[in-house]
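User: I'm new to this one. Could you walk me through it with some questions and answers?

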Amino acid sequence: MSPTEHASSSFAKPFGVTLLAGTPGIVALSGYIYLTTPTTAIPAGLSLPLFAVSAGVNSLLLLAVACLIGTYTAPRVELPSYLIDWARTGDDVWRRLRPEIRLAVGLGVIGGLLILLLDVALAPFIAQNLPQSAIEATDATVVNVLAYAPVRFLYGGITEELLLRYGLMSALTFIGWVLTGRRSDGPGSGVMWVAIVISAVLFGIGHLPALAQSVGLTPALVARTILLNAIAGVLFGWLYWQRSLEAAMVAHAAFHVPLVALSLVQVALP
């Protein structure tokens, strides 16, 4: 194999592995859209299946871009991913990830509980910005909560980490490393924290469109949404930096466990 062919192969396989890892989350999201979107919410000229597929295709294109960027930048700034190492060298992913599972799950669950507590603390300041119909809405069911769970765990836990950490945070770290002179020992902690915080804030901003579909956005709602999600994003970004991309994925999935549990309790109570 020529050097050019080897370089192409060493890039294509990690890219393909990460793209494949994020695809189940996109399938889960498209399936949820198909099952829960009312006909009145479908844009004119689209059927429900086509609407669900188009949402999946858009997400897949974003994921492909993120995986391309991450596959190029992450190894250059030494941000660890066991999936990438497996694709390139065959290293055992589970053997390397297993020591990080307890920490990742613990931080994820604690982070989820912290966000719930902060949400409760902020509720008095937010309720006045919500329409009464949104405050009193009780149309959620156990079936709806369980149907959305795969989106939380697969799209949130894996796909979003590939988009926000592997793609965006890796790119920001790479840019910061270049701007600070390509230090031989890699990006410094200052560069890393800037990349973590920026990607976390953008993670929070990325949740605003979904919120805007159900309620009118106000400054208080925008600040609350960005703050709560950014806190979680900083946690996942730190894990990516200090442990691995896969540890951030595990933490992000575990983060949703308290949220799903609370949703089930809320819909089960009379």
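**Helices, loops and confidence**

The crossing of helices H6 and H9 is right-handed. This comes from a predicted model, so let's start with how far to trust it.

User: What is the average pLDDT of the protein chain?

Analyst: Confidence here is given per residue on a scale from 0 to 100. In this chain, 91% of the residues score at least 70. The average pLDDT comes out at 89.

User: Which stretch with pLDDT under 50 has 4 contacts beyond four places in sequence?

Analyst: Residues 1-6 stay under 50, but the model gives them 1 contact of that kind. Where pLDDT is low, the coordinates shouldn't be read in detail. The stretch with 4 such contacts, also under 50, is residues 131-138.

User: Back to H6 and H9: at what angle do they pack?

Analyst: A pair of packed helices is described by the angle between the axes and the distance between them. For H6 and H9 (residues 219-242), the axes are 11 Å apart. The packing angle is about 65°.

User: Which residues of H9 make the contact with H6?

Analyst: On the H6 side, the contact uses Glu161, Arg165, Tyr166, Met169 and Ser170. Counting both helices, the contact residues divide into 5 nonpolar, 3 polar and 2 charged. The H9 partners are Gly233, Phe236, Gly237, Tyr240 and Trp241.

User: Arg165 turned up there. Is Arg165 buried or exposed?

Analyst: Arg165 sits in helix H6. Leaving out residues up to four places away in sequence, Arg165 touches several others, among them Glu160, Ser199, Phe203, Leu245 and His252. Its relative accessible area is 0%, and buried means under 20%. Therefore Arg165 is buried.

User: H6 also packs against H2. How are H2 and H6 oriented to each other: roughly parallel, roughly perpendicular or oblique?

Analyst: Helix H2 (residues 48-73) and helix H6 (residues 142-179) pack at about 45°, with axes 8 Å apart. Angles under 35 degrees count as roughly parallel, and those from 65 to 115 as roughly perpendicular. The angle for H2 and H6 fits neither range, so this pair is oblique.

User: How many charged residues are in the contact of H2 with H6?

Analyst: The crossing of H2 and H6 is left-handed. Among the contact residues are Leu62, Leu63 and Ala66 of H2, and Leu162, Leu163 and Phe174 of H6. The contact residues divide into 12 nonpolar and 7 polar, and the number of charged ones is no charged at all.

User: How far apart in space are Val65 and Leu163, C-alpha to C-alpha?

Analyst: Val65 lies in helix H2, and it is partly exposed at a relative accessible area of 44%. In sequence, Val65 and Leu163 are 98 residues apart. In space, their C-alpha atoms are apart by 8.5 Å.

User: Is Glu78 buried or exposed?

Analyst: Glu78 is found in the loop between H2 and helix H3 (82-89). Glu78 isn't a glycine, although it has a positive phi of about 60°. Its relative accessibility is 59%, and over 50% is the cut-off, so Glu78 counts as exposed.

User: What about Arg182: where does Arg182 lie?

Analyst: Arg182 has a positive phi of about 50° although it is not a glycine. At 48% relative accessibility, Arg182 counts as partly exposed. As for its place, Arg182 lies in the loop between H6 and helix H7 (189-205).

Conventions. Residues are numbered from 1 along each chain as its sequence is written. This is a predicted model: local features need pLDDT of at least 70, side-chain atom pairs count only at pLDDT 80 or more; totals for chains, interfaces and linings use all residues. Side-chain values use heavy atoms; hydrogens and water are left out. Axes are lines fitted to C-alpha atoms, for helices over the stretch in contact, and angles run from 0 to 180 degrees between N-to-C directions. Helices (H or I, at least four residues) and strands (E, at least two) are DSSP runs, numbered from the N terminus. Angles under 35 degrees count as roughly parallel, over 145 as roughly antiparallel, 65 to 115 as roughly perpendicular and the rest as oblique. A crossing is left-handed if the near helix is turned anticlockwise from the far one by less than a right angle, and right-handed if clockwise. Contact means heavy atoms within 4.5 Å. Ala, Val, Leu, Ile, Met, Phe, Trp, Tyr, Cys and Pro count as nonpolar, Asp, Glu, Lys and Arg as charged, and the others, Gly among them, as polar. pLDDT is the predictor's confidence in each residue, from 0 to 100. Buried means under 20% relative accessible area, exposed over 50%, partly exposed in between (1.4 Å probe, protein chains only).
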